[in-house]
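Me: I'd like a close look at a single part of this protein. Could you walk me through one strand and what surrounds that part of the chain?
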Amino acid sequence: MSLPTRALGPLSVSALGLGCMGMSFAYGSADRGEAIATLHRAVDLGVTFLDTADMYGGGDNEELLATVLADRRAEITLATKFGILTGEDGYPRGVDGSPTYARRACDASLRRLGVDHIDLYYLHRPDPEVPIEETVGAMAELVTAGKVRHLGLSESSAETIRRAAAVHPIAAVQSEWSVFSRDIERAVVPTCRELGIGLVPYSPLGRGLLTGALPTEFADDDFRRTLPRFQRENLERNLETVGAIREIAAVHGATPGQVALAWLLAQGEDVVPIPGTKRVRYLEENAGAVVFALSAADLARLDTLRPEGDRYPDMTWVERDTRAGAVR
C-alpha cells in the first residue's frame, strides 16, 4: 500500500501521518513491543510522516522512534517539537522559547533520535516572554547548520504565525482540529493559506471521542481525565452527538474514525492529519480513511456538529500570543 502525498509548504509528506505521543505518554500504560510494531507497519503502509516531541515521556518517545529510524531513516519524514517544560509528573509546567534553549533542545533531540537532522522542527508552544522573532531566528540558525530542514509552529495565533513567517519560512502549523475542534478555522487556517503554510491537525479523532469506541473507564494516568469534554455530563452528550458520525459511517461501510479523518482530508490538499495510535489494528483502520470520499451532504451534516466543553481546561494555553499577557 502506498498513500498519496500532500505538501506542507515545500515539504512532501504522506497524506496521513502518525502521532506517536500515546506510545509513551498521556493515554495509559505503554507497550513498547506493540509500539515498535506499529511504527514499522506505518512505514510499510506508506504512513511515513511521524510526529513526536521532546516532552513525550521525558524523551522516551524520541528514543522509541530511534529504534525504527536506525534502519528506515530514508523512508521517514521526521517531525519533533521543543519548548514545553515538564514537571516530575511529565506534564507541562511552562514554556521556554529562548534561543539558548532552542539550540540545546535540538541537540538533545538529535541524540535521542539517533539522526543527524530533523525534517520538521516545531516550536511546541510560543513563549509569551520571548518575542517569536527571537525564537524563530534561533530555529533558522539550526536550518543553516544543517540540523533542521524545515520549521513549524504548534498552537500559535494568526498574528504569531505572521511574525514568525517574516523571519523564516514556516512549512507547517500544528493544532488540534477535528469535527469537534473548529476554533482554528476563524483565523489560523486563513492565515496559513494566505502564507502558503501547511496544516497538521493533531487529535483529529478527538482523543478517541470521535471513534465511538472510548473505554468505559480511563486509567488513573490518562490525560483525558483532565479535559472538559471528557467530564461525565459533557462526555454523555458528546457520545450522543457521535451517533451522527456512526450513521454516516454505516452508509459508507466505514468506521466512525475513518469518517472523522475523511472530513479533515476533505478540508484541503494542504491538510495532513496525524491521528495517534499505539496499536497496529487502529493504524490500519486509520489508513483506510484515504480511500473513500464523503458526499457533500455528509460534509454538511458533519459541519453542524458541536461538542460540549472546551478542548483544554485553560484555553489561553493554546490561544496566547508571544507578547506577555496577550490572548487571541
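In strand E11, which residues point one way and which point the other way, and are they buried or exposed?

Reply: Keep in mind that this is a predicted model. Gly198, Val200 and Tyr202 point one way from E11, while Leu199 and Pro201 point the other way. As for buried or exposed, residues on both sides of E11 are buried. Put as a count, five of the five residues in E11, which spans residues 198-202, are buried, so the strand is mostly covered.

Now for the partner. E11 runs parallel to strand E10 (residues 172-176), and five bridges join the two. To find your place in the pair, look for valine 173, which sits opposite leucine 199 of E11. There's a helix to add to the picture too: H6, covering residues 188-195, makes a right-handed β-α-β unit together with E10 and E11.

While you have the model open, here's a separate spot with a buried residue, this time in a helix. Aspartate 298 belongs to helix H10, which covers residues 296-303. Its relative accessible area is 13%, and because buried means under 20%, aspartate 298 counts as buried. Leaving out neighbours within four places in sequence, aspartate 298 is in contact with Ile248 and His252. With histidine 252 there's also a polar contact between the side chains, at 2.7 Å. Valine 259 is another residue to find from here: 39 residues separate valine 259 from aspartate 298 in sequence, and their C-alpha atoms are 9.3 Å apart in space.

Definitions and conventions
Residues numbered from 1 in each chain as written. Predicted model: local features only at pLDDT ≥ 70, side-chain atom pairs only at ≥ 80, totals over all residues. Heavy atoms only, no water. Helix = DSSP H or I, 4+ residues; strand = E, 2+ residues; numbered from the N terminus. Buried < 20%, exposed > 50% of the residue type's maximum accessible area, 1.4 Å probe, protein only. Contact = heavy atoms within 4.5 Å. Polar contact = N/O pair within 3.5 Å; in protein donor to acceptor, adjacent residues only side chain to side chain. Pairing = 2+ DSSP bridges. Right-handed = clockwise from strand over helix to strand, strands pointing away.
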